[in-house]
Amino acid sequence: MGLFSKIKNMFKSYDEDETIEDEIEEEELEEESIEDETEEEEIEEESIEDEAEEEEPEEKFIEKEIIDNKKEENKKKKGFLFSRKEKDDERKSVKIYEKGLSKTRQGFVSKLANLTNKYSKITDEYFEELEEILIMADIGVKTVMDFIDRLRNRVNREKITDPSDLKEIIVDELFIIYVNDDVLSSKILFNESDLSVILFIGVNGVGKTTTIGKIANKLKDEGKKVLLVGADTFRAGAVMQLKEWSEKVGVGFFGKEDSDPASVVYDGICKAKDENYDVVLVDTAGRLQNKVNLMKELEKINRVIDSLVDGGACETLLVIDATTGQNGISQAKSFKEITNITGIVLTKLDGTAKGGIVLAIKEEVNLPVKFIGLGETKDDLQTFDIEKYIYGLFKDMM
């Protein structure tokens, strides 16, 4: 069984279940019922325990056994609810991937299907058309050329002649390109011994401030105390926009307009330490027109963080608009030249039919994608999962 078959089987059950909304509503009712039942049983337990005091020793033992059994049964019910909640969260995430990648899936996968129907045998013309389809999906010329070479070698080695036999192999090879024997992690790194500081960089218009707000909301839901620091003092309105997001999601904020970005970061981190925050998310300027000035500014900000926090910033995330295609990859290369990037956030992936940019970024810039934006709501910013991505992209292909 190929990699894609395993991934598809992993998520197949989600398509067969009822809608997420109905199931969540049912479980909320079930949870309320169990909580009510628990209250009744606790009252009953007290009553049984009071009566048991007046019973003979043998009867006491029997009643105690009944109480213990009911307690154990109640624990199992609560455990069941917890596991169902986790399954609901996972199912919801898979559905968001499916919906968010629908534009790419409808264009890209339909072209692959048409290609398979067009050719009865694997020929040079077949490979040429496949190459064009992959490039049009923004997978990137270098990535596509390497991929086609791998595919040709596999076809020759395994003596494959029927294009329909290549469908799953194509998906598997694209998966392998992303993984490439690396240990990939989309998890945010946190500072275990001190305040966690995460820097966000990216050019204007990519959705950087919105991304910070959505990530702040995720971290807050995880129980972390979050402070947003507006250090993009170059763009008019950037500080106020971040302040509005802090109020919207209910997290802390610090920022000053018309101030030196490094001094804003300094004061913000001091505030975070004084008020016992867990995480600081820093919005920075992204004016690539002058790389030298931007590099000096980021270096100064990092020096400030290093002086206040053990280990410095734990992450520097570059935000890229997926709809800009190859221009986004050029931005990643430019930013990589001037600062140490630890991961990528791809926004607006739902707005493009060229979702293959995820594979191109990994291949051409060698940076992990940490988050992808698949819609407008805060839940549509998803932690990147290569298996859900592959499934969302190719689920209609088999």
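This is a short chat about salt bridges, cysteines and one helix pair in a predicted model.

Student: What should I know before I start?
Tutor: The model is predicted: local features need pLDDT of at least 70, side-chain atom pairs count only at pLDDT 80 or more, and totals for chains, interfaces and linings use all residues. Residues are numbered from 1 along each chain as its sequence is written, and side-chain values use heavy atoms, leaving out hydrogens and water.

Student: How many salt bridges does the whole structure hold?
Tutor: The search finds 22. A salt bridge here is a side-chain nitrogen of Lys or Arg within 4 Å of a carboxyl oxygen of Asp or Glu.

Student: What distance separates the closest N and O atoms of E129 and K118?
Tutor: They are 2.6 Å apart.

Student: Is K118 buried or exposed?
Tutor: Exposed, at 55% relative accessible area. E129 is partly exposed, at 26%. Buried means under 20%, exposed over 50%, partly exposed in between (1.4 Å probe, protein chains only).

Student: Which residues form a network of salt bridges?
Tutor: R150, R154, E158 and E173 are linked that way.

Student: New topic. How many disulfides are there?
Tutor: Zero. A disulfide is a pair of cysteine sulfur atoms within 2.5 Å. C314 is buried, at 14% relative accessibility. C270 is partly exposed, at 24%.

Student: And at what angle do helix 6 and helix 13 cross?
Tutor: Roughly 90 degrees, and their axes come within 9 Å. Axes are lines fitted to C-alpha atoms, for helices over the stretch in contact, and angles run from 0 to 180 degrees between N-to-C directions. Helices are DSSP runs (H or I, at least four residues), numbered from the N terminus.

Notes: Helices (H or I, at least four residues) and strands (E, at least two) are DSSP runs, numbered from the N terminus.
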